[in-house]
Amino acid sequence: MTLQVAGSGSKFIVNASGYVGINDSTPSYTLQISDTTSGRAIHAVTTKAGTGTSYGGVLAAEGASTQNVGLYVNSQGAATNYGILVNS
């Protein structure tokens with residue numbers, strides 16, 4: 001399945017393996033997002049009023065693997081690179 005935007009080519013694709021590509025026509029992972037213009041491939045915001053806990057994001061690696069990694073971060077190619085930058 002492919003979603004085409006006039007004059008822009010494929011923006012969203014689900015290939016035969018079930019991998020989803022956003023701005024990537026040949027995804028190699030379950031979800032692959034490519035960005036070359038905005039500087040943010042993923043931007044998630046949650047706003048919750050009232051009681052309880054609000055999570056901006058949850059990442060989990062579960063199962064009987066030899067090794068599970070919940071978050072792997074790689075940053076490279078700029079004059080200054082931060083793997084994780086936390087602002088609170």
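Start with one residue: the side chain of Gln32 reaches out to the backbone nitrogen of Ser28, at 2.7 Å. Keep in mind that what you are looking at is a predicted model.

Stay with Gln32 for a moment. Its side chain also makes a polar contact with the side chain of Asp24, at 2.8 Å. Asp24 turns up again if you ask what Gln32 touches once its neighbours within four places in sequence are left aside: the contacts are then Val20, Gly21, Ile22, Asp24, Thr26 and Pro27.

Is Gln32 buried or exposed? Its relative accessibility is 17%, and because buried means under 20%, Gln32 counts as buried. Across the whole chain, buried residues make up 7% of the 88 residues.

Now zoom out a little. Gln32 sits in strand S4, which covers residues 31-33. The chain has four strands and zero helices, so if you walk along from the N terminus, the elements read β-β-β-β.

What about the part that follows S4? Leu71 lies in that segment, and Leu71 also belongs to a nonpolar patch on the surface. Its partners in the patch are Leu59, Val73, Ile84 and Val86, and together the five residues named here have about 500 Å² of accessible area. For the chain as a whole, the accessible surface comes to about 7600 Å², and carbon and sulfur atoms account for 51% of that.

How far apart in space are Gln32 and Thr53? From C-alpha to C-alpha, these two are separated by 28 Å, with their positions 21 residues apart in sequence.

That brings us to the overall form of the chain. Along its principal axes, the C-alpha trace spans about 45 × 40 × 35 Å. A compact globule of 88 residues would have a radius of gyration near 12 Å, whereas this chain comes out at 17 Å. The contacts add another piece to the picture: take those between residues at least 6 apart in sequence, and 0% of them join residues at least 24 apart.

To gather up the thread, you began at Gln32, a buried residue in strand S4, with side-chain links to Ser28 and Asp24. From there you moved out to the segment after S4, where Leu71 lies, and ended with a chain whose radius of gyration is 17 Å.

Methods: Residues are numbered from 1 along each chain as its sequence is written. This is a predicted model: local features need pLDDT of at least 70, side-chain atom pairs count only at pLDDT 80 or more; totals for chains, interfaces and linings use all residues. Side-chain values use heavy atoms; hydrogens and water are left out. Helices (H or I, at least four residues) and strands (E, at least two) are DSSP runs, numbered from the N terminus. Buried means under 20% relative accessible area, exposed over 50%, partly exposed in between (1.4 Å probe, protein chains only). A polar contact is a pair of N or O atoms within 3.5 Å; within protein, one must be able to donate a hydrogen and the other to accept it, and residues adjacent in sequence count only if both atoms are side-chain atoms. Contact means heavy atoms within 4.5 Å. Patches are made of residues with over 30% relative accessible area and no salt bridge: like charges are joined within 9 Å, nonpolar side chains (Val, Leu, Ile, Met, Phe, Trp, Tyr) within 5 Å. Accessible areas come from the Shrake-Rupley method with a 1.4 Å probe; for residues, only the protein chains shown count as cover. A salt bridge is a side-chain nitrogen of Lys or Arg within 4 Å of a carboxyl oxygen of Asp or Glu. The radius of gyration is taken over C-alpha atoms; the globule rule is 2.2 Å times the number of residues to the power 0.38.
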